Amino acid sequence: MATRVLHRLSAGVRLGPTGLNASGQAHLIARSISGPQDSWFKSLFVRKVDPRKDAHSHLLAKKEINNLYKIQFHNVKPECLDDYNELCEKVLPSIHADPEYPCELVGTWNTWYGEQDQAVHLWRYRGGYPALTEVMNKLRQNKDFMEYRQERGKMLLSRRNQLLLEFSFWDEPAPRAGPNIYELRSYQLRPGTMIEWGNYWARAIEIRQHNQEAVGGFFSQIGSLYTVHHLWAYKDLQSRENIRNAAWQREGWDEVVYYTVPLIQHMESRIMIPMKNSPLK
């Protein structure tokens, strides 16, 4: 699809006596990388941020709430996947339901397409880093959880996690009735491009909310840096295809794709199935 946009826009560019000119609806605009003037694209968006003023975590994250997210990727031994799922279904909901822990299990899934025999867990800590520290300290004193960790370790090939903040222009993930499939689209951005990504997606999310498929948008703080995760919900693979194709008929989507593709170093898509006790069904 991105190729279609590139072809359409490049078709309107021709070489003139003073350089590149554009005909039709395409416009080629050079951005200045020196000087104090604002970038040209700022006029396109309602929400504008200036990367020179503050860290991108302060500019792009929600200020009215202090949520921190942790995403966990567990690669499970194939022969242990059923036992692993059963173990998680016994222990993780009890932590989610206990008011002594200032954390919530947002969702828990198995990867269907993408990395096989993988589990993905998304946690929210209301209160930021102090809440995370409190939960970790309490879990070390929780006998059932420590037994769970020991048993879980026998079933895993590898594991990794990231600490995330949520973009201010995405809605907070909320429990959702099912059945649904979920797509986690992960983007490794070029360092220094997070603000530009946020400016474009502040507009793009309005285009992609027509079917309420947007679940959450996050960017990393600890772990692999300059990583963005977008979480989407669909009824099935065909509805995913239909919804994504329909976005190309809405004004502005082709521009978003055209200008954000160069910001990406690597991207990955996972199709995930919720576990039985996942709040996101």
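**Two loop residues, a cis proline and a bent helix**

Tyr-226 turns out to be partly exposed, with a relative accessible area of 24%. In this predicted model, Tyr-226 sits in the loop that links strand E8 (214–222) to strand E9 (227–234). Its backbone stands out a bit: phi is positive, about 55 degrees, even though Tyr-226 is not a glycine.

Asp-117 tells a similar story in another loop, the one between strand E4 (103–113) and strand E5 (118–126). Here too there is a positive phi of about 55 degrees in a residue that is not a glycine. Asp-117 is partly exposed, and its relative accessible area comes to 25%.

A further loop, running between strand E6 (156–166) and strand E7 (181–189), holds Pro-179. The peptide bond joining Gly-178 to Pro-179 is cis, with omega at about 5 degrees.

Then there is helix H6, which covers residues 194–207 and so counts 14 residues. From first C-alpha to last, H6 reaches 20 Å, close to the 20 Å expected at 1.5 Å a residue. Even so, H6 is not free of a kink, as it bends by about 30 degrees at Trp-201. H6 is also mostly covered, with twelve of its 14 residues buried. Trp-201, where the bend falls, is one of those buried residues. Among the others are Trp-197, Tyr-200 and Ala-204, along with Met-194 at the start of the helix and Ile-207 at its end. The buried set also includes Glu-196 and Asn-199.

Terms used
Residues numbered from 1 in each chain as written. Predicted model: local features only at pLDDT ≥ 70, side-chain atom pairs only at ≥ 80, totals over all residues. Heavy atoms only, no water. Helix = DSSP H or I, 4+ residues; strand = E, 2+ residues; numbered from the N terminus. Expected span 1.5 Å × (residues − 1). Bend = angle between axes of the 7 residues up to and from the residue. Buried < 20%, exposed > 50% of the residue type's maximum accessible area, 1.4 Å probe, protein only.
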